[in-house]
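Subject: The structure I promised you

Hi there,

Here is the structure we talked about, for you to open and turn around at your own pace. My notes on what was found follow below it.

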Amino acid sequence: MKTKTNLKKKLLISWCIILLGALIALVGAAATQDGRINLLLCLGGLIVLSGIIYHLAMIRCPHCGRSLAGYRPLPKSCPNCHKELDD
C-alpha cells in the first residue's frame, strides 16, 4: 500500500522536474537573440510540461484514486473517501 511518504517523494520529484525545466528554459531564453525560439527553450518547456503531467498523474489518493494535486500542503486524509493517507 502507498504511504504519505511516497506521496511526498512523488511531490518532490515532480517539483524538481518542473524546476529543472524552468532553469533550462531560462538559460535558453537568455542565450537567444532577437526573441527567437531555440532548442534549449523548447526542451525546457517540454520538461516543464512533463513535470506537470507527472504531478497530475502521480499525486493521488492511494485508496480511491482521486487527485490531490490542488491541495497545499498535502492533507492528512483524503477529501473524497476520508481515509488517512498515513497508512
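Gly-44 sits in helix H2, and in this predicted model it is a good place to begin. Its relative accessibility is 0%, so Gly-44 counts as buried, the cut-off for that being under 20%. Which residues does Gly-44 touch, once its neighbours within four places in sequence are left aside? They are Gly-21, Ile-24 and Ala-25. As a distance to try in your viewer, take Gly-44 and Leu-11: these two are 33 residues apart along the chain, and their C-alpha atoms are separated by 19 Å.

Now for the chain as a whole. It has 2 helices and 0 strands. H1 covers residues 4-31, and H2 covers 39-58. The C-alpha atoms fill a box of roughly 55 × 20 × 20 Å along the principal axes. The radius of gyration is 17 Å, whereas a compact globule of 87 residues would have one near 12 Å. Of the 87 residues, 25% count as buried. The accessible surface comes to about 5,800 Å², and carbon and sulfur atoms make up 66% of that area. If you look at contacts with a separation of 6 or more, 44% of them are between residues 24 or more positions apart.

Next, have a look at Leu-7, which is in helix H1. Is Leu-7 buried or exposed? With a relative accessible area of 4%, Leu-7 falls under the 20% cut-off and is therefore buried. Not counting residues up to four places away in sequence, Leu-7 touches Met-58, Ile-59, Arg-60, Pro-62, Leu-68, Leu-74 and Leu-85. One of these partners, Leu-74, is 67 residues from Leu-7 along the chain, yet the C-alpha atoms of the two are separated by 8.5 Å.

Lys-9 belongs to helix H1 as well, but here the side chain is a charged one to look for on the outside: at 51% relative accessibility, Lys-9 counts as exposed, because the cut-off for exposed is over 50%. Between the C-alpha atoms of Lys-9 and Leu-23, 14 residues apart along the chain, there are 21 Å.

That brings us to a patch on the surface. Leu-19, Leu-23 and Leu-26 make a nonpolar surface patch of about 310 Å². Two of its members can be described further. Leu-23, in helix H1, has 47% relative accessibility and so counts as partly exposed. Leu-26, also found in helix H1, has a relative accessible area of 56% and is exposed. For another distance, Leu-26 and Ser-14 are 12 residues apart in sequence and 18 Å apart in space, C-alpha to C-alpha.

Then there is the loop between H1 and H2, where you will find Thr-32. A polar atom of the Thr-32 side chain lies 2.5 Å from the backbone oxygen of Arg-36. Leaving aside neighbours within four places in sequence, Thr-32 is in contact with Ile-37 and Asn-38.

One last residue to look up is His-82, in the segment after H2. What is unusual about the backbone here? Most residues other than glycine have a negative phi. For His-82, phi is near 65 degrees, a positive value in a residue other than glycine. The relative accessible area of His-82 is 60%, which means that His-82 is exposed.

If you want a short tour, I would visit the residues in this order:

- Gly-44 in helix H2, buried at 0% relative accessibility
- Leu-7 in helix H1, in contact with residues including Leu-68 and Leu-85
- the patch made by Leu-19, Leu-23 and Leu-26
- Thr-32 in the loop between H1 and H2
- His-82, with its positive phi

Happy viewing, and write back with any questions.

Best wishes

How values were computed. Residues are numbered from 1 along each chain as its sequence is written. This is a predicted model: local features need pLDDT of at least 70, side-chain atom pairs count only at pLDDT 80 or more; totals for chains, interfaces and linings use all residues. Side-chain values use heavy atoms; hydrogens and water are left out. Patches are made of residues with over 30% relative accessible area and no salt bridge: like charges are joined within 9 Å, nonpolar side chains (Val, Leu, Ile, Met, Phe, Trp, Tyr) within 5 Å. Accessible areas come from the Shrake-Rupley method with a 1.4 Å probe; for residues, only the protein chains shown count as cover. A salt bridge is a side-chain nitrogen of Lys or Arg within 4 Å of a carboxyl oxygen of Asp or Glu. Helices (H or I, at least four residues) and strands (E, at least two) are DSSP runs, numbered from the N terminus. Buried means under 20% relative accessible area, exposed over 50%, partly exposed in between (1.4 Å probe, protein chains only). A polar contact is a pair of N or O atoms within 3.5 Å; within protein, one must be able to donate a hydrogen and the other to accept it, and residues adjacent in sequence count only if both atoms are side-chain atoms. Contact means heavy atoms within 4.5 Å. The radius of gyration is taken over C-alpha atoms; the globule rule is 2.2 Å times the number of residues to the power 0.38.
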